[in-house]
Amino acid sequence: MDRTSTPEPSHPSPSSSAPSLRTVAVIGLGTMGTGIAEVLTLAGRDVVGIDVSDAAALRAGAALEAATARAVERGRITGAERRAALARFRTSRELSAAADADLVIEVVPEDYDLKHEVFTALDAVVRPTTILATGTNALSVTRLAADSARPERVLGLHFFNPAPAMRLVEVVSSVLTAPDAVAAVTGLARELGKEPVAVGDRPGFVADGLLFGYLNQAAAMYEARYATREDIDAAMRLGCGLPMGPLALLDLIGIDTARTVLEAMYAASHDRLHAPAPVLGQLAAAGLTGRKAGRGFYSYEAPGSSVVVPDADTPGAGDGSPGAAGREVRAVGVAGSGTMASGIAEVFAKAGYRVVLAARSQEKADAAKARIAKSLARAVTKGRLTDVQADAALAAVTPAGSLDAFADVDLAIEAVAEDLEVKQQLFAALDKVCRPGAVLATTTSSLPVVACARATSRPQDVVGMHFFNPAPAMKLVEVVRTVLTADDVHATVRAVCARVGKHPVDCGDRAGFIVNALLFPYLNNAIKMVQEHYASLDEIDAAMKLGGGYPMGPFELLDVVGLDVSLAIEKVLHREFRDPGLAPAPLLEHLVAAGCLGRKTGRGFREYAKA
């Protein structure tokens with residue numbers, strides 16, 4: 001499958017020992033097949049690339065020449081090694097060219113009849129000991145094996161795109177696959193400098209099994225017009241550190257391909273989260289399959305181009321009518337004394353606002369300001385702020401032991417415990433203390449903003465501002481409008497976000513907003529994989545980091561977030577959407593009941609050394 005990636009490709013030196021799989025045939029010289037051929041050739045294998053298209057073969061040869069030239073320029077291989085690598089690669093239109101191969105890797109389009117035709121033809125061509133590997137990530141490896149004359153020699157070998165750069169390779173066994181075939185291919189993957197993960201045969205395997213459910217939910221979110229494509233993608237990039245947003249990634253993978261994968265996953269799981277969003281079928285039927293077609297969720301400069309160009313859905317491409325003017329904000333009140341409250345106060349103080357930081361006592365407020373002082377000092381040490389800037393920011397923060405200090409603020413932001421009753425009581429107090437016209441904001445990540453608004457006599461002034469932790473570092477703010485929020489309140493919050501250097505994304509008042517509504521079902525599905533004994537914690541974390549470009553694996557992230565927090569969010573999502581697929585995994589509930597809450601307790605999905 002196509003992936004974004006930032007790592008440079010690594011080209012292992014040819015092995016000095018004689019490898020067991022010396023000659024490899026690659027059938028299908030599209031982007032993936034060409035990348036796999038490059039990896040094999042540079043690792044000392046003799047490679048024959050087979051494709052019915054002469055043009056594809058020519059493109060593959062040209063791509064290999066260009067890739068090896070870059071490798072020489074960057075000092076990864078010598079000119080002599082490049083010439084030797086190019087000499088090890090040849091192309092053919094005929095499957096008979098695979099006759100002497102020790103391993104055949106099939107990467108033709110994701111169509112069972114086509115793959116079946118290739119495998120059936122190979123039975124009459126290759127030696128009895130030859131291993132046949134399919135690059136599918138959606139179709140049944142077991143079915144292909146059962147239809148082959150040599151089922152014990154058939155397995156799945158799922159590279160990730162671009163194959164030279166991405167380190168993950170999923171080695172897929174069916175119930176018919178011989179252990180020695182698995183061992184040989186696993187050994188080859190390691191010799192290629194890859195990280196092989198052994199998995200069983202089910203649609204999507206590990207990485208795509210988790211990824212495509214998330215992509216599907218993002219497509220459904222866009223289709224429901226809950227948020228714009230730009231905001232959905234920005235939210236997941238900035239809120240989760242992903243290399244690419246889900247809708248842009250669907251365009252890169254190919255919307256038709258994604259729909260095929262999801263259809264196979266749904267046929268196996270009957271999980272509504274895997275039922276392809278109708279918009280995927282509509283786009284595919286219209287030929288709007290993503291980058292390769294020049295248009296998908298986004299429009300591109302040309303077919304195959306990565307350059308996005310404005311279209312009718314691009315923000316600012318409408319009728320040009322001005323939006324509502326915002327209210328003036330000079331002073332900001334932050335209610336709370338925890339990490340999030342102090343972080344938000346620091347953000348506003350650094351941007352030049354006068355900040356009142358109110359806690360339940362003066363002592364707690366002073367402690368929160370002391371936390372800000374330490375954070376500013378670290379920023380000075382790291383060269384992010386000057387001493388003068390840090391001193392000015394700290395001087396802008398006034399700690400207070402009562403909400404009465406909010407009498408003159410223009411924007412009041414609560415960052416207290418994620419408890420609806422507590423927040424409602426606080427908003428009732430803000431309603432009495434804050435001046436008319438002040439904007440009242442909640443930082444909730446899972447509770448209904450409108451319930452906070454209804455605790456006041458001015459629900460039109462209430463909005464959600466969901467900052468991400470740590471607030472000084474994370475660029476994203478989800479701006480949550482209720483059905484009662486005034487236009488100028490929404491405009492005020494967006495303008496304030498821009499002034500403090502944050503990226504606002506708009507969304508409606510429903511559970512999870514954008515980020516948590518997409519992130520936590522993915523995390524929950526990872527837990528189900530472990531619960532079902534399909535893969536281990538380490539295999540799943542490695543698959544998502546190496547195959548999906550995620551900064552942390554799902555279990556690393558769950559232990560950081562806190563299993564109790566994660567369970568609470570899962571319950572809110574399940575309660576709101578009533579989808580059985582969103583029900584919290586029992587394993588998560590059991591760990592929370594046992595007090596294993598993650599890093600903060602020293603044990604979650606993994607154990608941690610005590611500080």
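This tour moves through a predicted model, starting at one helix and then visiting several salt bridges.

**Helix α22**

Begin by selecting residues 586-593, which make up helix α22, and colour L588, L591 and V592, since these residues are buried. If you turn the view to look down the axis of α22, the buried residues fall within an arc of 100°, so they line one face of the helix. To see what covers them, add α18 (515-531) and α21 (563-577), which are included among the elements that cover the buried residues of α22. Then rotate to the face turned away from the buried side, where the exposed residues H590 and A593 are carried. Before leaving this region, select G595, which follows α22 and has a positive phi, near 80°.

**From the α21–α22 loop to R272**

Next, select D579 and R272 together and display their side chains, which meet in a salt bridge with an N to O distance of 3.9 Å. D579 lies in the loop between α21 and α22, while R272 lies in the loop between α10 (255-269) and α11 (278-285), so the pair ties together parts that are 307 residues apart in sequence. A surface representation is useful at this stop: D579 is buried, with a relative accessible area of 9%, whereas R272, at 52% relative accessibility, counts as exposed.

**Helix α17 and R327**

Now move to D488 and R327, whose side chains also meet in a salt bridge, here at 2.9 Å from N to O. D488 belongs to helix α17 (residues 487-499), and R327 to the loop between β10 (308-309) and β11 (331-335), so this pair ties together parts that are 161 residues apart in sequence. With the surface still shown, note that D488 is partly exposed, having a relative accessible area of 24%, and that R327 likewise counts as partly exposed, at 23% relative accessibility.

**A buried pair, and a network**

For the next selection, take K423 and E414, which form a salt bridge whose closest N and O atoms are 2.8 Å apart. You may want to hide or clip the surface here, given that K423 counts as buried at 0% relative accessibility and that E414 is buried too, with a relative accessible area of 0%. Finally, select E106, E110 and K115, which are joined into one network by salt bridges that share partners. For readers who wish to continue, a search of the whole structure finds 28 salt bridges, among them the D579 to R272 pair visited above.

How values were computed: Residues numbered from 1 in each chain as written. Predicted model: local features only at pLDDT ≥ 70, side-chain atom pairs only at ≥ 80, totals over all residues. Heavy atoms only, no water. Buried < 20%, exposed > 50% of the residue type's maximum accessible area, 1.4 Å probe, protein only. Helix = DSSP H or I, 4+ residues; strand = E, 2+ residues; numbered from the N terminus. Arc of directions from axis to C-beta. Contact = heavy atoms within 4.5 Å. Salt bridge = Lys/Arg side-chain N within 4 Å of Asp/Glu carboxyl O.
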